[in-house]
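Trainee: I would like to go through this structure with you. May I put some short questions as we look at it?
Mentor: Please do.

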Amino acid sequence: MWHCAWNPKGTLLATCGEDTHIRLWGKEVASTGDKKEQWVCQTMLTEAHTRTVRSIAWSSCGTYLASASFDGTVAIWDKKSGQFECTATLEGKNFLVLSGIKLRNGYFIVSRTVFAKNLPLFFYH
């Protein structure tokens, strides 16, 4: 695992790493009948990246998730339909995505490069 981030309500934990997938973890009651809660992977997001997912960040409303990968892409995941779908992919040429950062005003800074003097930033709201 490279990075993890809680959603704004603290009910989901998003994790990412070398396998190119994002996992969303939530609490569920154990099937053993003892009513204990356990953390389980509820959703796996697999379609956007081809290399290590380096960073993830939630929007302040919890409807959007941004993921940044070493493949040079940033994916924006949207939960409007009830399930997370990749609705936008920002792709750069000749740069390596380092981070996705949530700002307090609801905007994302979703990309930063290490190969250029000027650091390109993409904003998504």
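Trainee: Which residue takes a positive phi in the hairpin of S5 and S6?
Mentor: The residue is glycine 62, with a phi near 80 degrees. That hairpin has five residues between the strands. Please keep in mind that this is a predicted model.

Trainee: How many bridges join S5 to S6?
Mentor: Five bridges join them, and the two strands run antiparallel. S5 covers residues 53-58 and S6 covers residues 64-69. As one example of the register, valine 53 of S5 is placed opposite serine 69 of S6.

Trainee: Is S5 largely enclosed or open, and why?
Mentor: Five of its six residues are buried, so S5 is largely enclosed by the rest of the structure.

Trainee: Which sheet does S5 belong to, and in what order do the strands come?
Mentor: S5 is part of an open sheet of four strands in the order S5-S6-S7-S8, with antiparallel pairing. S5 and S8, the latter at residues 85-91, are the edge strands, and each has a single partner strand, so one side of each lacks a neighbour in the sheet. From one strand to the next, the twist averages 20 degrees.

Trainee: What about S6 and S7, how many bridges are there?
Mentor: S6 pairs with S7, residues 73-78, over five bridges in the antiparallel sense. Within that pairing, tyrosine 64 has aspartate 78 of S7 as its bridge partner.

Trainee: What holds paired strands together in general?
Mentor: Strands of a sheet pair through backbone hydrogen bonds, in either a parallel or an antiparallel arrangement.

Trainee: Moving to the start of the chain, which strands form the sheet that has S1 in it?
Mentor: That open sheet has four strands in the order S1-S2-S3-S4, and its pairing is antiparallel. The edges are S1 and S4, where S4 spans 37-45; each has a single partner strand, so one side of each is left without a neighbour in the sheet. The twist in this sheet averages 25 degrees from one strand to the next.

Trainee: How many bridges join S1 to S2, and how many join S3 to S4?
Mentor: Four bridges join S1, residues 3-6, to S2, residues 13-16. Eight bridges join S3, residues 22-29, to S4. Alanine 5 has alanine 14 in S2 as its bridge partner, and arginine 23 has methionine 44 in S4.

Trainee: Which glycine has a positive phi in the hairpin of S1 and S2?
Mentor: Glycine 10 does, at a phi near 75 degrees, in a hairpin with six residues between the strands.

Trainee: Now to single residues. Where is tryptophan 6, and what does it touch?
Mentor: Tryptophan 6 lies in S1. Not counting residues up to four places away in sequence, tryptophan 6 touches Leu12, Leu13, Trp39 and Trp58. Its C-alpha atom is separated by 8.4 Å from that of alanine 57, which is 51 residues away along the chain.

Trainee: How accessible is tryptophan 6?
Mentor: Its relative accessible area is 46%, so tryptophan 6 counts as partly exposed.

Trainee: And threonine 52, is that residue buried or exposed?
Mentor: Threonine 52 is buried, because its relative accessibility is 14%, and the cut-off for buried is under 20%. This threonine sits in the loop between S4 and S5. Leaving aside neighbours within four places in sequence, its contacts are Trp2, Gly17, Glu18, Thr20, Ala68, Ser69 and Phe70.

Trainee: What is the secondary structure of the chain as a whole?
Mentor: The chain has zero helices and eleven strands. Of its 125 residues, 43% are buried. The chain exposes about 7,400 Å², and carbon and sulfur atoms supply 50% of that area.

Trainee: Finally, where is the confidence lowest and where is it highest among the elements?
Mentor: S11, residues 123-124, has the lowest mean pLDDT, at 44, and S2 has the highest, at 94. Over residues 113-125 the pLDDT is below 50, although this stretch has 33 contacts in the model beyond near neighbours in sequence. Where pLDDT is low, the predicted coordinates should not be read in detail. For the chain, the average pLDDT is 76, and 69% of the residues score at least 70.

Terms used:
Residues are numbered from 1 along each chain as its sequence is written. This is a predicted model: local features need pLDDT of at least 70, side-chain atom pairs count only at pLDDT 80 or more; totals for chains, interfaces and linings use all residues. Side-chain values use heavy atoms; hydrogens and water are left out. Buried means under 20% relative accessible area, exposed over 50%, partly exposed in between (1.4 Å probe, protein chains only). Two strands pair if DSSP finds at least two bridges between them. Accessible areas come from the Shrake-Rupley method with a 1.4 Å probe; for residues, only the protein chains shown count as cover. Axes are lines fitted to C-alpha atoms, for helices over the stretch in contact, and angles run from 0 to 180 degrees between N-to-C directions. pLDDT is the predictor's confidence in each residue, from 0 to 100. Contact means heavy atoms within 4.5 Å.
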